[in-house]
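Hi,

I hope your week is going well. Here is the structure I promised to pass on, and my notes follow below.

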Amino acid sequence: MTRKLRGLRLPAIALLVLLPAGAGWSETKPPATDNAAARGKEFVLPQKHDPGLSREAKRGRSQYEYYCAICHGKRGDADGFNAPNLRTPPARHTDPILMGTLSDAQIQRIIKEGGGALGRSPQMPPWGGVLKSQEIADLTAFIHTLAVPSKK
Amino acid sequence: MKRTFVVLSLLILLFLLWQIGRDYNRPYLSYQKAYKRLLAKAGEGEPELAAFPFGARQRWIVGLSRVDRCETCHLGGEDPRFRDAREPYRSHPDADSHPAENFGCSVCHGGQGMATSLEDAHGPTENWNRAIYHENFLQKSCSLCHGETVGETAPVLARGREIFYDRGCRGCHKVEGKERKKVGPPIRKIGEKVRTDWLYRWLRNPRGYLPKTRMPDFSFSAQEAADITLLLVPREGAPAGVVSGSSERGRLLFSETRCVTCHAVEGKGGDIGPDLAKVGSKLRPEWLLKWLRNPHEVVPATLMPIVNFAEADVRDLAAFLMGEYVDLDLQEDQAARDLAAVAKGNVRNGKALIEKYGCTGCHEIEGVEDRGENGSELTRIGDIHISRLEFGGVEVPRDWRTVPNWLYNKMRKPRLFKAGLKMPDYHFSDEEAEAVTTYLLSLTAEKVPSQYILPLGERPSGYDPQGEFGGVVKKYRCLVCHRIRGSGGALAPDLSWEGSRVRKDWLLTFLAKPDTIRPILVERMPQMKIRDEEIRMIDAYFRATLVDDKVESLSGTVGGMHLADPEAARRGKQLYFEKYACDACHQINLKGGTVGPDLTKAGKRLRPEWVVLWLRNPKTFLPRSVEPVYAFQQKEIEDLAAFVLSPKAGKGTP
């Protein structure tokens, strides 16, 4: 019996020595604890702004608020401060039926060449002289986030 | 013994193989394999896929002394196919302006560029201070190359910087190279200006009186507020007299003068001066009379213009303000109770409090010595090690313990980490706290080599008119709202080219009695009763100095146009309403949009050269105007100008 034990002694020592060494090279760390104490509850992390929007749409939004919201409204409800002054009411970008009938190319063309170019109201001016094509693509991406298809 | 040896050798061999396998099978390989699958889905060719290079990838940016291995996992690089891919494969949005080849990643994003595991690269880790920056703070890095006055290019950084200096942070915190300005009004003989009971209530809760005040909240106790009040107003003055004047006429003057351009009343109106809704419960009438006669004599640095009021005007206006704009929520005996509380104050404690909280950082206070900044220096706060920031008793998970997170929480709740800290509460919104944090993080000793430096944004131009015109500009505080050659505010039109824009007759009439050109605006030029000789001098300066060659050189072209031809005007009218629908944004005779200026009287106001240049390219002077650019033909420009400049009959026409 003593012989058997003696036979196991060396490998056991080797394991004991080597295993922790291996663990030391490991690249995983203990997981962060989430159970902050009561006082830590007031400590908050910065939250992402609009996590749902793609990067293009986010860029488009700032252009939308600057150029489009005047008539189309900040959220695309066609309620911008200048909307009541227009002979033809501005397009309601929150309307899923209307937005469903317009392809990306059509929307971009209206932005670029104005409403008159597609037989719509010329009160929608052409922005091709002001916005680059990437900016118009960004705007289109944002406009698509405004119309939420109703689930009824 | 032999068997032991064999077992042991096998164990060591196994262990060796295990380690080799682990070394081969690096954690990033799984990302690279997934990326290869995405590439295949995106239609990458077979030969390219077969030659896909597995392994660590590294960029050495010699100029910035950085080695970044981020692209080992962030594999989308600058590939447009991965613009909206999930992380870590999404491509970089600014491939054009900030190619990874020239900048790497960590110089802007932070993190440990050389690491190849998620935890080590993103941090925070034990010995690496710079965890990658949250996207909300990322603009801190723009200032490294572009300077801190980046304007619209980095709006969060710009806003943070503005808040930092506007709210008086510099009063208590040193930032090398930045001037310490006192952002609050000087406090001299304050007892002559305000009612003592108001001062006591103000100290306890400034936002109770002015919801949008810049004054932060120190959470003074009743006793502390009494101590400070008694120090500032040792003797209660004579009971306030009553202003003899016609409140009715005062009301008229208040609206004629358009005081609401700068002063809101219950939140409605401008925000340059304080809200006046409760001013009658704050001021002493004698002081208000003095102020209305000549504010510059009372507070030389004030933004308030001198309005040439007659003495009767001053009395009537004061009677109106003191009588009408009172705090209706005050209980009847409130003033008496507050005064009784103040009487129990302790002047010595008051002085100690003022010194402790550093009130002299924002206010010049009579009888209290300013001993300079009493807060920590922030010149290099962006470089500070997290171990030097106190978390007090607040338990925060280790992964959250980063400098940006600490600063952000400090901005949101300045006394979060320890009760009784000196820093007052500025009631920042989350966005404001983010902006200030972003600016603070940008304060660093880090330098980039000169080939990376590219200043952006508008720098103060230093335009400061002297002489007679300079005197008038200062008297009426024109540059609070108007901008001239890069100096001044953005509330009112830029006057840098006003001599080339408007006609003389119109300018003389307008300055004498300003009306509005933009129907939508609440803000309108105040009626300051500018004197005739001053008006003539302003006009002469505009004509001689504030002109632009691009406009003046058109006089020949415009001379050859048939702008007075009624036929041209008729064609122009058609273009205006039908083809281009200019009425979507511009009003004529009260019909049309309110985005651009009213054009009913454009012929009286604008010079033809200006109109023609504007129609050619509306962005010549104001690149950010919302006006669309039309490609008008030469003939159309002539016709449109003829129509715009023609007299238009209708009820809006004088």
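Chain A of this predicted model contains five helices and zero strands, so its pattern along the sequence is α-α-α-α-α by the helix and strand assignment used here. Of the 152 residues in chain A, 26% are buried. If you take the contacts in chain A between residues at least 6 apart in sequence, 46% of them join residues at least 24 apart.

Next, the contact between the two chains. Chain A brings 37 residues to it and chain B brings 44 residues. On the side of chain A that touches chain B, α1 (2–25) and α2 (55–72) each supply at least two residues. The helix that gives the most to that side is α1(A), with six residues. Sorted by class, the side of chain A that touches chain B holds 20 nonpolar, ten polar and seven charged residues.

Chain B comes with a domain assignment, which you may find handy for navigating. Its parts are domain 1 (53–132), domain 2 (151–157 + 373–452), domain 3 (190–361), domain 4 (467–547) and domain 5 (551–645). Note that domain 2 is written as two segments, 151–157 and 373–452.

I also looked at one pair of these domains. Between the C-alpha centres of domain 2 of chain B and domain 3 of chain B there are 34 Å. Eight residues of domain 2 of chain B make contact with eight residues of domain 3 of chain B. On the domain 2 side of that contact, two residues are nonpolar, three are polar and three are charged.

Best wishes

Terms used:
Residues numbered from 1 in each chain as written. Chains lettered and ligands numbered in written order. Predicted model: local features only at pLDDT ≥ 70, side-chain atom pairs only at ≥ 80, totals over all residues. Contact = placed C-beta atoms within 7 Å. Helix = DSSP H or I, 4+ residues; strand = E, 2+ residues; numbered from the N terminus. Nonpolar A, V, L, I, M, F, W, Y, C, P; charged D, E, K, R; others polar. Domains from an automatic or database assignment. Buried ≥ 20, exposed ≤ 12 C-beta atoms within 10 Å, placed from the backbone.
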